[in-house]
Amino acid sequence: MATQNITLSSEYTLIATSTQNFFLSLPWLTGATVEVATSDTEVAPTVLGHEFTGRESESVNRALIGTGFVYARSKSGVPLGVRLNVWTE
């Protein structure tokens with residue numbers, strides 16, 4: 001499990017399958033917003049997701065978001081660099 005630096009666009013990106021654990025965080029004090037949503041299948045969701053920002057170094061993980069395939073996107077539409085750890089137990 002190594003930390004990856006990935007870039008999110010305005011389209012949902014699959015960040016973890018239904019069998020993987022993950023930890024997604026934003027660089028501290030970016031002010032950017034990320035939207036995270038889950039899906040029962042490997043098809044990007046069409047709903048509004050849960051939002052979190054880099055203003056307070058917020059993060060999200062499997063325990064907080066629940067089961068399913070996990071997707072994330074940049075809420076502002078501007079490409080956004082985030083930190084991601086993904087692992088299988």
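Helices and strands here are runs assigned by DSSP, numbered from the N terminus. The model on screen is predicted.

**The whole chain**

Start with the full protein chain in a cartoon view. One helix and eight strands make up its elements. Read from the N terminus, their order is β-β-β-β-β-β-α-β-β. The C-alpha atoms fill a box of roughly 30 × 30 × 20 Å along the principal axes. The radius of gyration is 12 Å, which agrees with the value near 12 Å for a compact globule of 89 residues. Of those 89 residues, 42% count as buried. Among contacts with a separation of 6 or more, 81% are between residues 24 or more positions apart.

**The open sheet**

Next, select β2, β7, β4 and β5. These four strands form an open sheet in the order β2-β7-β4-β5, with antiparallel pairing. The edges are held by β2 (13–16) and β5; each has a single partner strand, so one side of each lacks a neighbour in the sheet. Neighbouring strands are turned against each other by 35° on average, with direction ignored.

**Strand β4**

Now narrow the selection to residues 33–39, which are strand β4. Six of the seven residues in β4 are buried, so the strand is largely enclosed by the rest of the structure.

Add residues 69–74, strand β7, on one side: six bridges join β7 to β4, and the two run antiparallel. Two pairs can be picked out here. S39 stands opposite F69, and T38 stands opposite V70.

Then add residues 50–53, strand β5, which pairs with β4 in the antiparallel sense over four bridges. Click on T33 to find its bridge partner in β5, T53.

**The nonpolar core**

Hide the cartoon and show side chains. In soluble globular proteins, nonpolar side chains tend to be buried together. The largest nonpolar core in this model has 19 residues. Select I15, F22, L24, V34, V36 and V82, the residues with the most contacts inside this core. The elements giving two or more residues to the core are β1 (4–8), β2, β3, β4, β7 and β8. Of these, β8 supplies the largest share, four residues.

Which residues does V82 contact, leaving aside its neighbours within four places in sequence? Centre the view on V82 and look for Q4, N5, I6 and L8, then L24, S25, L26 and P27, and finally V34.

**N21 and its surroundings**

Move to N21, which belongs to strand β3 (residues 21–25). Its side chain and that of E89 are joined by a polar contact of 2.9 Å. Not counting residues up to four places away in sequence, N21 touches R62, N85, V86, W87 and E89.

**The loop before β8**

The last stop is G77. Where is G77 found? It is in the loop between β7 and β8 (80–87). Is G77 buried or partly exposed? Buried would require under 20% relative accessible area, and exposed over 50%. G77 has a relative accessible area of 37%, so it is partly exposed. To finish, add V47 to the selection and draw a distance between the two C-alpha atoms. G77 and V47 are 30 residues apart along the chain, and their C-alpha atoms are separated by 16 Å.

Terms used
Residues numbered from 1 in each chain as written. Predicted model: local features only at pLDDT ≥ 70, side-chain atom pairs only at ≥ 80, totals over all residues. Heavy atoms only, no water. Buried < 20%, exposed > 50% of the residue type's maximum accessible area, 1.4 Å probe, protein only. Pairing = 2+ DSSP bridges. Axes fitted to C-alpha atoms, helices over the stretch in contact; angles between N-to-C directions. Polar contact = N/O pair within 3.5 Å; in protein donor to acceptor, adjacent residues only side chain to side chain. Contact = heavy atoms within 4.5 Å. Core = buried A, V, L, I, M, F, W, Y, C linked by side-chain atoms within 4.5 Å. Rg over C-alpha atoms; globule rule 2.2 N^0.38 Å.
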